[in-house]
Structure formats: C-alpha cells, structure tokens
Amino acid sequence: MKFLGGFNLALAVLAAVKLYRKYVAATRQRRLGRSRDDPSKDDAGDDSSETDGLVCSAVAHATQFAFNIPHVGGVKAGAPWNVLEGLMCFIFVTDFVGAALNTGAALYDDT
C-alpha cells in the first residue's frame, strides 16, 4: 500500500510541474513579451514532450482510478480495501482529478 501512495504522489508532483510549466510559466513569458520560439527561453525542449508527459500522466492516473472502481463497495462487499474511506478516498479522487486535468491539458495543447 505504501508503494501505491508513493506512486500517486510522484504522479501528482509530475502533473503539477507539467501544468505549472505549461500554463503559469507560459503566461509569464507572454507577459514579458517573449514568444514560445524565443531562443532566450530557459527550456529549449520540444513542445511535444510536454504533451507526451501530460498524456502519460493522464493514462497513469486513469488506470489507477479505473482499477479501484471495482473496490468502491469496500471490504463488506468483498473488496480488499475501502476505497471511499480515509487515505484511499483521497488517492481515488486525486487520480480522477489528475486524469481529467492532464487529459484536458493535453487536448487543449495550443502549441
């Protein structure tokens, strides 16, 4: 169970960094008058790598969420853990939100 929580934390941090770089940093660059093609920008990487990372994060979150759906009934229904209680509920909701936000960001890719 600790591995599962660590996996989700790592994905949440990756998603937060990707979303920050894609929207907050890009907005800041536009406000400063720099275009995305400006050679003076710090990260001269390929824009598709941002979308790839968002898609990978979306898939990871979505699969974590999907594999927990059968366990929503909890231990009383024969599931090995209670998905809608405590830390598992937080992880379950975080996976849904992470999948939705990363999918939306990848689809909205305006680069």
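Display the whole surface of the protein chain to begin with: the accessible surface comes to about 7100 Å², and 67% of this belongs to carbon and sulfur atoms, where accessible areas come from the Shrake-Rupley method with a 1.4 Å probe and, for residues, only the protein chains shown count as cover. What you are viewing is a predicted model, in which local features need pLDDT of at least 70 and side-chain atom pairs count only at pLDDT 80 or more, while totals for chains, interfaces and linings use all residues. Residues are numbered from 1 along each chain as its sequence is written, and side-chain values use heavy atoms, with hydrogens and water left out.

Switch now to a cartoon of the protein chain, which shows three helices and zero strands, in the order α-α-α along the sequence; helices (H or I, at least four residues) and strands (E, at least two) are DSSP runs, numbered from the N terminus. Colouring by burial, you will find that 31% of the 111 residues count as buried, a word that stands for under 20% relative accessible area, with exposed meaning over 50% and partly exposed in between (1.4 Å probe, protein chains only).

Next, select helix α2, residues 47–68, and within this helix pick out His-61, which counts as buried at 1% relative accessibility. Leaving aside neighbours within four places in sequence, His-61 is in contact (heavy atoms within 4.5 Å) with residues including Leu-11, Ala-12 and Ala-15, and also Asp-95, Gly-98, Ala-99 and Asn-102. For the protein chain as a whole, among contacts between residues at least 6 apart in sequence, 64% join residues at least 24 apart.

Move on to helix α3, whose 22 residues reach 32 Å from the first C-alpha to the last, close to the 32 Å expected, the expected span being 1.5 Å times one less than the number of residues. The buried residues of α3 include Ile-91, Phe-92, Asp-95 and Gly-98. Centre on Met-88, which is found in this helix (residues 86–107) and is buried, with a relative accessible area of 8%; from there, measure C-alpha to C-alpha to Asn-68, which is 20 residues away in sequence and 9.3 Å away in space.

Finish with the cysteines. Cys-56 counts as exposed at 54% relative accessibility, whereas Cys-89 is partly exposed, with a relative accessible area of 24%. How many disulfides are there? The count comes to zero, taking a disulfide as a pair of cysteine sulfur atoms within 2.5 Å.
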